[in-house]
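Work through these exercises with the model open beside you. Each task is followed by a stepwise solution.

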Amino acid sequence: MARIAVIGAGLIGRAWAMVFARAGSEVALHDADPGVIGEAIERIGRELRELAGHGLVDDPAAAAARVRGVAQLDAALAGANIVQENVREDVAAKRAIFAELDRLASPDAILASSTSAIVASLFTENLDGRHRCLVAHPVNPPHLVPVVELVGSPWTAPETIARAREIYAAVGQVPIVVRREIEGFVLNRLQGALLAEAFRLVGAGVVSPQDLDKTLHDGLGLRWSFMGPFATIELNAPGGIADYCARYAGFYRRLQADPATPAVYDADNIARILAEWGDSPSANELAARVRRRDRRLAALRAHKKAQPAG
């Protein structure tokens, strides 16, 4: 198993530590604030025990023991095959930490960023080891939602992408390769298209935000939890995708001739949506909802693992 350095002990960093540790990897967890590491280790142990209740970890105590907190960055990087960076979403911060990672990590270690939107060329261009740097964008929370987008820069070596894909697949994630840099990568662009239309429909009074959410979690989302849009439309016409396009391309052309615009995110439209949503939960209530979400995701992940492939 690979030796892993996880840099940043926040929400995403803790989740990555669990992903690697439950698969048998030794994980060095580092944070610029050494005071947060102890709490992070405690939370990782607790969450691994919860995952075990869903059958998603075989031995939570052993997995937790494979995660060690390391106060010094150079010590955390020692012997690491792959480094998973999770610092704040800021180009300057990414440049600073990657300069340190490139200087201190083993020359053959992969340097991967969990950034949600910043392409790697913006923070790796001037590095001697820029060929080994890439984005490995997870979905929150990555220990429950396994897809990870691998996005190289123009100078990322193909071997780096191939090795990263093998490592993430070996620890139970589902790596996909984004073939060229594009803002938002793939997942966020798909999510953004859906969000824009959702904001338009609710803001225009076509549907309530609650009913729109039901359309997803009791409609499209049920299919999308095990098949993507291309697999979906292939089954929605007798002759597959080509037949579906022949039947419905005209309808979709009319919809795309009038797409949602950036104005759906204007303050007045957001105010209309918030007024209809009618909910302003406390921090404690939001935290409780996150825990409920994670329990449901764990149950769904366990169900999907129990199903035959294909």
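**Exercise 1.** Find which residues E85 touches, leaving out those up to four places away in sequence.

*Solution.* Step one: contact means heavy atoms within 4.5 Å. Step two: list the partners of E85, which are I7, K94, I97, F98, L101, A112, S113 and S114. Step three: place E85 in strand β4; strands are DSSP runs of E with at least two residues, helices are runs of H or I with at least four, and both are numbered from the N terminus. Step four: E85 counts as buried because its relative accessibility is 0%. Buried means under 20% relative accessible area, exposed over 50%, and partly exposed in between, with a 1.4 Å probe and protein chains only.

The model is predicted: local features need pLDDT of at least 70, side-chain atom pairs count only at pLDDT 80 or more, and totals for chains, interfaces and linings use all residues. Residues are numbered from 1 along each chain as its sequence is written, and side-chain values use heavy atoms, with hydrogens and water left out.

**Exercise 2.** Give the strand order of the open sheet and name its edges.

*Solution.* Step one: the eight strands run in the order β3-β2-β1-β4-β5-β6-β7-β8, with mixed pairing. Two strands pair if DSSP finds at least two bridges between them. Step two: β3 (67-69) and β8 (174-178) each have a single partner strand, so one side of each lacks a neighbour in the sheet. Step three: take one pair, β6 (133-138) and β7 (147-152), which is antiparallel over five bridges. In this pair, P138 stands opposite V148 of β7.

**Exercise 3.** Describe the largest nonpolar core.

*Solution.* Step one: such a core is a set of buried Ala, Val, Leu, Ile, Met, Phe, Trp, Tyr and Cys residues joined through side-chain atoms within 4.5 Å. Step two: this core has 34 residues, and F20, V27 and Y168 have the most contacts inside it. Step three: α1 supplies the largest share, six residues. Step four: follow Y168, whose contacts beyond four places in sequence include W16, F20, V148 and L150. Step five: set apart a second, separate core of 22 residues, which includes L101, A105, L127 and V178.

**Exercise 4.** Which strands does helix α7 lie across?

*Solution.* Step one: α7 covers residues 158-170. Step two: the strands are β4, β5, β6, β7 and β8. Step three: α7 runs at about 170° to β7. Axes are lines fitted to C-alpha atoms, for helices over the stretch in contact, and angles run from 0 to 180 degrees between N-to-C directions.
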